[in-house]
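Colleague: I would like to learn how to read a model like this one. Can we go through it feature by feature?

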Amino acid sequence: LMVVVAVCLSTTMVDAKDCRMKKGHSVWRHGGGTFRRVKGTLLWEETNEKGEKQSVFEEKSREGGGLIIHNVEREISILLRDDLAGIQNKGQHGFQQLYQGSWAKLVDCT
C-alpha cells in the first residue's frame, strides 16, 4: 500500500510540473455562459450556461486590452475586456455594458 501511495504522489508531482498557464485570450466567461474562440480561426462561439451554442461572431480587432467581435446576422458587436463585456447595436456610438465577467485562466498540461 505504501508503494502505491508513493507512486501516485510522485506521478502527481511530475504532472503538475508539466502544466503551465496558456497565454492569450481564448475564453471569456460570465454568469450566463461564455464566448470561446474556435481554435485556429478568428471565429468566436457564444454559449449559454449549459454549453449550447447560441451565436457565432468574427473577431474584428484587438485594442487597448479589449477584443471586439461582430455578428453580421444580429448586427451587433461585442467588446470583451478583463472585467466586462459591452454591446454595440447597429448605428450606436460606443458600447453599453452587457455582462460582468473575465477571461478564463486556461492550463495546458500536455
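Modeller: Start with confidence. pLDDT is the predictor's confidence in each residue, from 0 to 100. This is a predicted model. The chain averages a pLDDT of 86, and 82% of the residues score at least 70.

Colleague: Over which residues does pLDDT stay under 50?

Modeller: First the general idea. Where pLDDT is low, the predicted coordinates should not be read in detail. Here that applies to residues 2-10, where pLDDT stays under 50. For this stretch the model has 0 contacts beyond four places in sequence.

Colleague: On to the fold. How many strands close into a barrel, and in what order?

Modeller: Strands of a sheet pair through backbone hydrogen bonds, either parallel or antiparallel. In this structure 8 strands close into a barrel. The order is 2-3-4-5-6-7-8-9, with antiparallel pairing. From one strand to the next, the twist averages 30°.

Colleague: Let me walk along part of it. How many bridges join strand 5 to strand 6?

Modeller: Strand 5 covers residues 53-63, and 5 bridges join it to strand 6. The two run antiparallel. To find the register, look for Arg62: its bridge partner in strand 6 is Leu67.

Colleague: And what joins strand 6 to strand 7?

Modeller: There are 5 bridges between them, and these strands run antiparallel. Asn71 stands opposite Ile76 of strand 7. Strands 6 and 7 form a hairpin with 4 residues between them. Check Glu75 in that turn: its phi is positive, about 55°.

Colleague: Through how many residues does a hairpin join strand 7 to strand 8?

Modeller: Through 3 residues. Again 5 bridges join the strands, which run antiparallel. Leu80 has Ala85 as its bridge partner in strand 8.

Colleague: Which way do the side chains of strand 7 point?

Modeller: In a regular strand the side chains alternate between the two faces of the sheet. Strand 7 sends Ile76, Ile78 and Leu80 one way. Ser77 and Leu79 point the other way. All of these residues are buried.

Colleague: Why is strand 7 largely enclosed by the rest of the structure?

Modeller: Count its buried residues, taking buried as under 20% relative accessible area. The count is 5 of 5, so strand 7 is largely enclosed by the rest of the structure.

Colleague: Which residues make up the largest nonpolar core?

Modeller: In soluble globular proteins, nonpolar side chains tend to be buried together. The largest such core here has 12 residues. Among them are Trp28, Trp44, Leu67, Ile69, Ile87 and Trp103. Strand 6 (66-71), strand 7 (76-80) and strand 8 (84-89) each give two or more residues to this core. The largest share, 3 residues, comes from strand 7.

Colleague: Last topic, the aromatic rings. How many aromatic pairs does a search of the whole structure find?

Modeller: A pair of aromatic rings is described by the distance of the centres and the angle of the planes. The search finds 4 pairs. One of them, Trp28 with Phe35, is tilted, at 6.4 Å centre to centre and 55° between the planes. Both residues are buried. Phe35 also pairs with Phe57, edge-to-face, at 5.8 Å and 70°. Phe57 is buried, as is Phe35.

Colleague: Which parts of the chain does the pair of Phe35 and Phe57 tie together?

Modeller: Phe35 lies in strand 3 (residues 33-37) and Phe57 in strand 5, so their pair ties together parts that are 22 residues apart in sequence. To finish, put the rings together: Trp28, Phe35, Phe57 and Tyr99 form one aromatic cluster.

Terms used
Residues are numbered from 1 along each chain as its sequence is written. This is a predicted model: local features need pLDDT of at least 70, side-chain atom pairs count only at pLDDT 80 or more; totals for chains, interfaces and linings use all residues. Side-chain values use heavy atoms; hydrogens and water are left out. A nonpolar core is a set of buried Ala, Val, Leu, Ile, Met, Phe, Trp, Tyr and Cys residues joined through side-chain atoms within 4.5 Å. Buried means under 20% relative accessible area, exposed over 50%, partly exposed in between (1.4 Å probe, protein chains only). Two strands pair if DSSP finds at least two bridges between them. Axes are lines fitted to C-alpha atoms, for helices over the stretch in contact, and angles run from 0 to 180 degrees between N-to-C directions. Contact means heavy atoms within 4.5 Å. Rings of Phe, Tyr and Trp (its six-membered ring) pair if their centres lie within 6.5 Å; planes under 30 degrees apart count as stacked, over 60 as edge-to-face and the rest as tilted.
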